[in-house]
Amino acid sequence: MANKEMKHEKNVEGMFYCTDPDDDNGEGCIACNVCYNGAPEFYAEDDEGNAYVIKQPSTEEEIELCIEQMEQCPVSSIGNDG
Ligand code: SF4
């Protein structure tokens with residue numbers, strides 16, 4: 001489960017967030033590009049390829065899309081309890 005104490009500093013406020021690559025739990029982003037390729041309207045990459053949330057979803061369809069990315073993240077670095 002993503003550590004909400006280790007959020008990427010560029011996440012917009014809201015329910016969804018990505019965690020910082022320095023997360024000691026080993027759940028930090030590894031810049032695999034799944035989320036920002038799968039849902040570029042909501043996830044973006046910083047200069048090092050690490051992900052952060054640029055827009056929070058609002059419709060059911062958008063939320064579903066963001067959850068899909070969360071489930072596909074190989075290191076559980078996306079949370080939706082922010
Ligand atoms: S899917 Fe996970 S590891 Fe991959 S870029 Fe997104 S947050 Fe990082």
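Among contacts in the protein chain between residues at least 6 apart in sequence, what share joins residues at least 24 apart? That share comes to 54%. The views below are all drawn from a predicted model.

**View 1. The whole protein chain, with its two helices and four strands.** Follow the chain along the sequence and you'll read the pattern β-α-β-β-α-β. Along the principal axes, the C-alpha atoms fill a box of roughly 35 × 20 × 20 Å. The radius of gyration is 11 Å, which agrees with the value near 12 Å for a compact globule of 82 residues. As for packing, 37% of the 82 residues count as buried.

**View 2. The ligand and the residues that surround it.** There are 14 residues in this shell, and the closest are Cys-29, Cys-32, Val-34, Cys-35 and Cys-73. Sorted by class, the shell has 12 nonpolar and two polar residues, with no charged ones at all.

**View 3. Asn-33, in the loop between strand 1 (17-18) and helix 1 (34-38).** Have a look at the backbone here: Asn-33 isn't a glycine, yet its phi is positive, at about 75°. Asn-33 counts as exposed because it has 12 other C-beta atoms within 10 Å, and 12 or fewer is the cut-off for that label.

**View 4. Ser-76, in the loop between helix 2 (60-72) and strand 4 (78-79).** Here's another residue that isn't a glycine but has a positive phi, this one of about 50°. Ser-76 has 17 C-beta neighbours inside 10 Å, so it counts as partly exposed.

Key:
Residues numbered from 1 in each chain as written. Predicted model: local features only at pLDDT ≥ 70, side-chain atom pairs only at ≥ 80, totals over all residues. Near = placed C-beta within 6 Å. Nonpolar A, V, L, I, M, F, W, Y, C, P; charged D, E, K, R; others polar. Rg over C-alpha atoms; globule rule 2.2 N^0.38 Å. Buried ≥ 20, exposed ≤ 12 C-beta atoms within 10 Å, placed from the backbone. Contact = placed C-beta atoms within 7 Å.
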